[in-house]
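Student: I should like to learn how to read a structure of this kind. May we go through it feature by feature?

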Protein chains: 2
Amino acid sequence: MATAIKQLNKENLLSQGVQLLMEQGYHGTGLKEILDAVKIPKGSFYNYFSSKENYAAEVIQHYIEPFIIQLDKHLQNPELDGLSALKNYFGELITALENAGFKGGCLLGNLMGEIGGTSEACQKSLQTAVHRYQRLLAAGLKKAQNEGTVRIDKPAENMAALLTNAWQGALLRMKIEQSSEPLKQCCHDLLDDYFKVR
Amino acid sequence: MATAIKQLNKENLLSQGVQLLMEQGYHGTGLKEILDAVKIPKGSFYNYFSSKENYAAEVIQHYIEPFIIQLDKHLQNPELDGLSALKNYFGELITALENAGFKGGCLLGNLMGEIGGTSEACQKSLQTAVHRYQRLLAAGLKKAQNEGTVRIDKPAENMAALLTNAWQGALLRMKIEQSSEPLKQCCHDLLDDYFKVR
DNA sequence: AACAATAATACGACCGGTTGTCTTAAGTTG
DNA sequence: CAACTTAAGACAACCGGTCGTATTATTGTT
């Protein structure tokens, strides 16, 4: 098969995996379900990936990419200061989650909980995905520190870690409360209060 | 079978379920594995629970109970102020997680991510478990507010929500980093800084 | 108190369906 | 036609759940 089509199939497999793994979890989603969704025969799966586990590890990377790009876009916006960029970014995330009906939440958080301790390959993949994301968040906070809108008595990396942790927890709460209120409160508490200069 | 023995069997089923569901997730743990562990035949399972889903919902309640008791014990300690009680409590949790080798993490967080959006029965059970826990945490923070160690310009319920969210996120990080550092930083950031009077 | 009739429970074999993976053969390409 | 890629279906293992039966407990009748 032409390598271009093969790439396309792989891409489809990955983005369909993002959706299904996020909503139903790793063990809750069978290969058959994924393959049916992208109309690829079951026997072909192992031409694209060496195992379900390695597939999931790639899905993780494929998942985080758009978020990195979206966050970076806000941070690069020359009309926005760092703190406003972060607020806008999380605001966009919240409306997206509302429109999606609070389904799924965050693939990273869900998989960390489900298989973060049992699958070594996915653990590694989750590590790098989270680190990449958090590093970018820290860069945004550092920028805000230089602009004088965020307190400087705490390292930006530290605050970035707290922000991602609280955000993950808020996403879990969102899922069982079926409400965006936890997300809003989380952003407000940190970005409008805790991180502010005083 | 004598009802006393039946109760014992059910208890064993529940506590074994806590362990297995926490480490391997809902879909990652088969009924057979649980039943083998407590030496109860397959056919008997449905004499104790009406389905795997309802079983998991009861496991959730069985899981949270000891944490409520442990936290309450610290808060009731007349020699401790509220803030110190909270710090001691989370300190105990951290050493317990270290001794367990960072396995599992929190059953509530894991299940919220995995099936919080797909299983209605478990969603309900998770809601009440989290609320009970968070209410107790808020009571401790309120006590600390009255004692003058915690800021009063924020509602205790608000801070309790932030604390549980950040703690959940820190547990996920712990799992993939295999380190208690995220937990320690989480407690320090909130209990030693953000929540303090200023 | 002894026994029979009946109800309740415990149990392992078994259900249809699905899992992730592998073998094998057909198809594609240079 | 040789070398390689793709796909179809087979594969054993396992899933959650059911069922008929064997065992135990309870009740009713002498």
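Tutor: Let us begin with Lys154(A), which counts as buried at 9% relative accessibility; buried means under 20% relative accessible area, exposed over 50%, and partly exposed in between, with a 1.4 Å probe and protein chains only. This is a predicted model, in which local features need pLDDT of at least 70 and side-chain atom pairs count only at pLDDT 80 or more, while totals for chains, interfaces and linings use all residues. Residues are numbered from 1 along each chain as its sequence is written, chains are lettered from A and ligands numbered from 1 in the order in which they are written, and side-chain values use heavy atoms, with hydrogens and water left out.

Student: With which residue does Lys154(A) form a salt bridge?

Tutor: Side chains of opposite charge can pair when their charged atoms come close. The term salt bridge requires a side-chain nitrogen of Lys or Arg within 4 Å of a carboxyl oxygen of Asp or Glu. Lys154(A) forms one with Asp193(B), the closest N and O atoms being 3.3 Å apart. This pair crosses between chains, from the loop between helix H7 (120–146) and H8 of chain A to helix H9 of chain B; helices (H or I, at least four residues) are DSSP runs, numbered from the N terminus. Asp193(B) also counts as buried, at 13% relative accessibility.

Student: Which residues are linked with this pair in a network of salt bridges?

Tutor: The network links Arg151(A), Asp153(A), Lys154(A), Asp189(B) and Asp193(B). Over all chains, the count comes to 26 salt bridges. Another of them joins Glu120(B) and Lys124(B), with the closest N and O atoms 3.9 Å apart. Both of these residues lie in helix H7 of chain B, four residues apart, about one turn of the helix. Glu120(B) is exposed, with a relative accessible area of 58%.

Student: What polar contacts join the side chain of Arg173(A) to other side chains?

Tutor: A polar contact is a pair of N or O atoms within 3.5 Å; within protein, one must be able to donate a hydrogen and the other to accept it, and residues adjacent in sequence count only if both atoms are side-chain atoms. The side chain of Arg173(A) has such a contact of 2.7 Å with that of Glu177(A), and one of 2.5 Å with that of Gln134(B). Arg173(A) lies in helix H8 (residues 156–177) of chain A and is buried, with a relative accessible area of 9%. Among the residues that Arg173(A) touches are Pro182(A), Met112(B) and His131(B), where contact means heavy atoms within 4.5 Å.

Student: How are the two copies related?

Tutor: Two copies of a chain are related by a rotation about an axis and a shift along it. Here a rotation of 180 degrees with 0.0 Å of shift along its axis superposes chain A on chain B, with an RMSD of 0.1 Å; the fit is by least squares on the C-alpha atoms of residues with pLDDT of at least 70 in both. The two copies are therefore related as by a two-fold rotation axis. In chain A, the C-alpha nearest the axis belongs to Ala166(A), 1.9 Å from it. The same surface serves both copies, since 100% of the contact residues of chain A recur in chain B.

Student: Where is Phe102(A), and is this residue buried or exposed?

Tutor: Phe102(A) is in the loop between helix H5 (82–99) and helix H6 (107–115) of chain A. With 14% relative accessibility, Phe102(A) counts as buried.

Note on methods. Helices (H or I, at least four residues) and strands (E, at least two) are DSSP runs, numbered from the N terminus. Lists of a residue's contacts leave out its neighbours within four places in sequence.
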